[in-house]
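Reader: I have the sequence and the structure open in front of me. Could you take me through a few places in it, one at a time?

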Amino acid sequence: MGATGKQPEWLDDAVFYEIYPQSFLDSNSDGIGDINGITQKLDYIKELGCNAIWINPCFTSPFGDAGYDVEDYYSVAPRYGTNEDLARLFAEAHQREMHVLLDLVPGHTAVTHKWFKESMKAQKNEYTDRYIWTDSVWEEPQGMGCIRGISDRDGACVVNFFSHQPALNYGYYEQKCPWQQSMDDEGPKATLEAMKDVMRFWLKMGCDGFRVDMAGSLVKNDPEGKGNILLWQNIRTFLNEEFPKAAMVSEWGEPDKSLQGGFHMDFLLHFGPSHYNDLFRCEEPFFSSRGKGDISAFVEKYRENYEKSERKGLICIPSGNHDMDRLARTIKGDELKIAFAFLLSMPGAPFIYYGDEIGMRYVEGLTSVEGGYNRTGSRSPMQWNDGLNAGFSTAAAEKLYIAQDSVADRPTVFAQMEDKNSLYHEIQKLIKIRRAHPALLNKGEIEFVYAKKDTYPFAYVRSSGDERILVVLNPSDKKVSFPYEGVLGENIYQFGRDVTGDGTTVNVDARTAAFITLN
Ligand code: GLC
Ligand code: CA
């Protein structure tokens with residue numbers, strides 16, 4: 001039986017803000033965002049309504065994949081500051097009743113990691129089996145990339161993502177070649193213990209948990225995820241014993257599996273079976289005013305996951321992240337506001353990607369920075385105000401980590417705070433309403449009322465105890481209706497125009513969203 005973690009209470013009303021540290025705020029004018037920059041902006045994040053943050057990897061790295069290639073799990077990358085700066089960030093966050101998740105990258109390291117350097121040696125040593133190696137340099141692992149020809153050791157090393165990210169060895173669930181070890185072999189067991197040590201180190205320092213990179217792919221040859229579920233249950237047992245309050249969110253994309261593994265939360269992602277892309281990122285997204293999208297496949301899959309997960313944990317729908325196109329690349333204006341009315345009224349903990357709260361655009365035409373490729377346009381520095389480099393940094397513009405959006409009317413925090421009709425204010429309002437109504441909070445129930453193929457609007461009821469709230473979303477530019485028997489109560493949130501009910505039908509104006517209490 002699996003070790004499920006008791007949900008830390010703070011997750012009940014957590015609204016997360018994802019920070020890409022190199023692009024948030026540069027506090028020492030070197031053109032790169034840093035930890036002290038984040039600390040300076042905690043009040044901003046809190047004022048928006050977010051009470052938790054997830055910081056992308058901020059550890060020492062050659063930055064071939066923007067820090068997802070860790071060279072030393074135990075030190076903050078000098079360009080971001082020091083371990084002391086990070087400890088101070090934890091403390092400052094806690095003073096504001098906020099929580100901080102770090103990004104754990106347990107699947108692979110950089111080639112410059114000392115474990116890998118040892119593992120490449122011909123002589124057997126403590127790290128020989130820390131990574132997955134075939135028995136001969138001429139034997140390539142089938143179906144996976146590898147590094148070969150750069151070590152004295154005779155073998156090819158499996159890689160996970162880019163060809164410079166050697167895969168740590170957690171074993172194979174089904175072993176098909178002699179070099180594939182089982183989860184119970186010494187090497188894989190030692191890797192797992194080493195990763196627990198890493199977690200211990202940061203949790204002791206005050207970190208509140210982790211977002212886990214590629215969490216469902218540590219154990220190889222594991223088509224049904226059984227090995228990976230076992231592995232994470234093992235980690236959950238360790239956390240339950242030593243850090244019962246540590247919160248864990250997985251980049252897995254299959255909540256039925258990850259929640260069994262003891263994760264408290266899993267993301268719906270741009271890959272995997274969730275139909276998340278149908279919402280905002282496809283040719284005809286549901287949240288486009290063209291009204292040609294389809295919500296039904298998303299809802300069907302969501303419902304399936306929701307039932308399978310038996311309320312063991314939270315399914316989180318992010319506004320975006322550092323790997324996807326910016327939300328504002330495909331939808332705009334009112335569409336963004338209605339999209340956030342959705343994101344902030346669904347169960348699970350919402351995750352807002354930095355800058356999405358002001359509708360930051362995808363910066364077109366950038367050359368890849370640090371392994372970003374097409375993702376680079378979603379990683380440009382935050383736009384705070386009308387000052388130099390939009391207030392991100394006082395370095396010369398050409399020294400910035402990534403070039404900023406150069407469009408004259410680029411959105412900024414300052415301008416949106418001044419404008420009471422801005423996306424920023426809409427999001428702030430939505431979070432306040434969410435917090436004031438348990439039915440809308442992370443663990444409130446959901447029942448879908450209207451989610452038909454190729455049809456608008458989309459409607460669902462959120463509930464908790466006696467409170468029931470009908471959410472109606474019509475991003476399309478047509479007036480629509482749906483059958484609904486029941487008396488509508490008070491509108492606790494209204495965007496756009498009217499939503500009216502006559503006891504059998506609900507009519508919804510174009511580009512309109514509303515949350516309505518039910519008796
Ligand atoms: C995850 C990260 C991504 C990274 C990859 C390899 O998908 O989100 O940014 O490149 O894993 O670590
Ligand atoms: Ca800096």
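Reader: Where does Pro 457 lie?

Author: The model is predicted, and what follows should be taken in that light. The peptide bond from Tyr 456 to Pro 457 is cis, with omega near 0°. In general, most peptide bonds are trans. As for its place along the chain, Pro 457 lies in the loop between strand 13 (445–450) and strand 14 (458–464).

Reader: Which residues surround ligand 1, and how much of the area that ligand 1 exposes when taken alone does the protein bury?

Author: The residues around ligand 1 are Asp 65, Tyr 68, His 108, Phe 161, Arg 211, Asp 213, Met 214, Glu 251, His 322, Asp 323, Arg 375 and Arg 379. Polar side-chain atoms of Asp 65 and of Asp 323 lie 2.6 Å and 2.5 Å, respectively, from an oxygen atom of ligand 1, and an N or O atom in the side chain of Glu 251 is 2.8 Å from an oxygen atom of ligand 1. Taken alone, ligand 1 exposes 310 Å², and the share of this that the protein buries is 97%.

Reader: Is Arg 211 buried or exposed, and which side chains does the side chain of Arg 211 meet in a polar contact?

Author: Arg 211, which is found in strand 8, has a relative accessible area of 1%, and it therefore counts as buried. Leaving aside neighbours within four places in sequence, Arg 211 is in contact with residues including Trp 54, Leu 101, Val 249, Glu 251, Phe 267 and His 322. Its side chain makes a polar contact of 3.4 Å with the side chain of Tyr 68, and a polar contact of 3.1 Å joins it to the side chain of Asp 213.

Reader: On which side of helix 3 are the buried residues, and which exposed residues does the face turned away from them carry?

Author: The buried residues of helix 3 are Asn 83, Asp 85, Leu 86, Leu 89, Phe 90 and Ala 93. Because they cover an arc of only 160° around the axis, they are on the same side of helix 3. These buried residues pack against helix 1 (35–40), helix 2 (42–48), strand 2 (52–55), strand 4 (72–76), strand 5 (99–104) and helix 5 (186–205). The face of helix 3 turned away from the buried side carries the exposed residues Glu 84 and Gln 95.

Reader: What span should helix 6 have at 1.5 Å a residue, and how far apart are its end C-alpha atoms?

Author: Helix 6 takes in residues 226–242, and its buried residues include Ile 229, Leu 231, Trp 232, Ile 235, Phe 238 and Leu 239. Among the elements that cover the buried residues of helix 6 are helix 5, strand 8 (209–212), strand 9 (247–250) and helix 7 (255–258). At 1.5 Å a residue, the 17 residues of helix 6 should span 24 Å, which agrees with the separation of its end C-alpha atoms, 25 Å.

Reader: What is the separation of the C-alpha atoms of Phe 495 and Lys 337?

Author: Phe 495 has its place in strand 17 (residues 488–495), and with a relative accessible area of 11% it is buried. Not counting residues up to four places away in sequence, Phe 495 touches Asp 334, Lys 337, Ile 338, Glu 426, Arg 511, Thr 512 and Ala 513. Although Phe 495 and Lys 337 are 158 residues apart along the chain, their C-alpha atoms are separated by 8.2 Å.

Note on methods
Residues numbered from 1 in each chain as written. Chains lettered and ligands numbered in written order. Predicted model: local features only at pLDDT ≥ 70, side-chain atom pairs only at ≥ 80, totals over all residues. Heavy atoms only, no water. Buried < 20%, exposed > 50% of the residue type's maximum accessible area, 1.4 Å probe, protein only. Helix = DSSP H or I, 4+ residues; strand = E, 2+ residues; numbered from the N terminus. Arc of directions from axis to C-beta. Contact = heavy atoms within 4.5 Å. Near = heavy atom within 4 Å. Polar contact = N/O pair within 3.5 Å; in protein donor to acceptor, adjacent residues only side chain to side chain. Areas by Shrake-Rupley, 256 points an atom, 1.4 Å probe, with all protein chains shown as cover. Expected span 1.5 Å × (residues − 1).
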